[in-house]
Amino acid sequence: MELYILKSSACLLVLFSFYKFFLEKESIHTFKRFYLLGSIVVSILIPWITFISYTALPETFSNAFVIENIGANASETEVTTSHLSSILWTLYGIGVAIFSYKFFRNITNLVIKIRQNPKLKLGHITNVLLSKEVTPHTFFSYIFLNKQRFESNEIPNEVLLHEKMHAIQKHSIDVLFIEFIQVIFWFNPLVWLYKSSIKLNHEFLADQGAIA
């Protein structure tokens, strides 16, 4: 497992470094969207690819020597490794439990907001009108807005169009994907950097779509 983490982290680092140095400042936002998502998928899959080669041992190789050395150190090594492995897996499990709770809590809260608040459907987009003050945000085809400000036309059309672009371009799929990856790899800071870059690129895409 440790080797897999090292390999996947190395892939993430190389691909993310390429993004930061050569792609981040470019205006090819659609390509960047799929590059970031694809980089994560590739970094997860590549470490599973193994190449096996066989090497013949010299005839003079002493099996007795190998068995003797293994027997002398095996028991002590196994005990130490077992304790360390148990501690690490326990910490990992706690982290996964915490981030899983946050992940499902956030989705549940969004679903509750959709069900318990008045809605205004405009084509394929549904505005969810909330009584409390809220920054406009989108979840799939639902745009969450403050009811009073929306009805009094205080929300600029540019903001509404921006959020509409998030819905049309289905950015919520990307967010759910990276949030799920974060649940599994919560300990890896590179995943957090990817999450930040993906969301920032979404803003550029929405602005680009609104201007067009």
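## How H1 meets H7

The axes of H1 and H7 approach to within 10 Å and cross at roughly 35°. That crossing is left-handed. On the H1 side, the contact is made by Ser9, Leu12, Leu13, Leu15, Phe16 and Tyr19, and on the H7 side by Leu190, Val191, Leu193, Tyr194 and Ser197. Sorted by class, the contact of H1 with H7 has nine nonpolar residues and two polar ones, with no charged residues. Please keep in mind that this is a predicted model.

## The overall layout

Stepping back to the whole chain, we find seven helices and four strands. Read from the N terminus, the elements run α-α-α-β-β-β-β-α-α-α-α. H1 spans residues 2-23, H2 covers 29-45, and H3 runs over 63-116. Later in the sequence come H4 at 147-151, H5 at 157-168, H6 at 171-184 and H7 at 189-211.

The chain has 212 residues, and 32% of them are buried. Among contacts with a separation of 6 or more, 60% join residues that are 24 or more positions apart.

## The largest pocket

The largest pocket has a volume of about 600 Å³. It is lined by 20 residues, and Leu110, Thr138, Phe139, Val175 and Lys199 lie nearest its centre. Several elements share the work here: H3, strand S3 (137-139), H5, H6 and H7 each supply at least two residues of the lining of the largest pocket. H3 gives the most, with six residues.

The lining of the largest pocket is a mixture, with seven nonpolar, eight polar and five charged residues.

## The second largest pocket

The second largest pocket has a volume of about 270 Å³. Its lining is made up of Met1, Glu2, Ile5, Ser85, Leu88, Trp89, Leu91, Tyr92, Trp186 and Phe187. H1 and H3 each supply at least two of these lining residues, and the largest share, five residues, comes from H3.

By class, the lining of the second largest pocket divides into eight nonpolar residues, one polar and one charged.

## An enclosed cavity

There is also one cavity of 30 Å³ or more in the structure. About 40 Å³ of space lies in the largest cavity, which is lined by Ser8, Leu12, Ile40, Ser43, Ile44, Ile181, Phe185 and Val191. You may recognise two names from the opening section: Leu12 of H1 and Val191 of H7 take part in the contact between those helices, and Leu12 and Val191 also line the largest cavity.

H1 and H2 each supply at least two residues of the lining of the largest cavity, with H2 giving the most, three residues. The lining of the largest cavity has six nonpolar and two polar residues, and no charged ones.

## Asn127, a polar residue inside

Asn127 is found in strand S2, which covers residues 125-130. Asn127 counts as buried because its relative accessible area is 6%, under the 20% cut-off. Leaving aside neighbours within four places in sequence, Asn127 is in contact with Pro118, Lys119, Leu120, Leu122, Ile143, Leu145 and Phe150.

## Tyr101, out on H3

Tyr101 lies in H3, the helix that gives the most to the lining of the largest pocket. Tyr101 itself has a relative accessibility of 55%, so it counts as exposed. Its C-alpha atom is separated by 9.3 Å from that of Val183, although the two residues are 82 apart along the chain.

## Two loop residues with positive phi

Two residues other than glycine deserve a look for their backbone angles. Asn153, in the loop between H4 and H5, has a positive phi near 60°. Asn153 counts as exposed because its relative accessibility is 68%.

Lys170 is found in the loop between H5 and H6, and its phi is also positive, near 55°. With a relative accessibility of 47%, Lys170 falls between the 20% and 50% cut-offs and therefore counts as partly exposed.

Methods:
Residues are numbered from 1 along each chain as its sequence is written. This is a predicted model: local features need pLDDT of at least 70, side-chain atom pairs count only at pLDDT 80 or more; totals for chains, interfaces and linings use all residues. Side-chain values use heavy atoms; hydrogens and water are left out. On a 1 Å grid over the protein atoms alone, a cavity is a set of points where a 1.4 Å probe fits but cannot get out, and a pocket is an open set with protein on both sides within 12 Å along at least five of seven lines; lining residues have an atom within 4 Å of a point. Grid points are joined across faces, edges and corners, and a volume is the space filled by probe spheres set on the points. Ala, Val, Leu, Ile, Met, Phe, Trp, Tyr, Cys and Pro count as nonpolar, Asp, Glu, Lys and Arg as charged, and the others, Gly among them, as polar. Axes are lines fitted to C-alpha atoms, for helices over the stretch in contact, and angles run from 0 to 180 degrees between N-to-C directions. A crossing is left-handed if the near helix is turned anticlockwise from the far one by less than a right angle, and right-handed if clockwise. Contact means heavy atoms within 4.5 Å. Buried means under 20% relative accessible area, exposed over 50%, partly exposed in between (1.4 Å probe, protein chains only).
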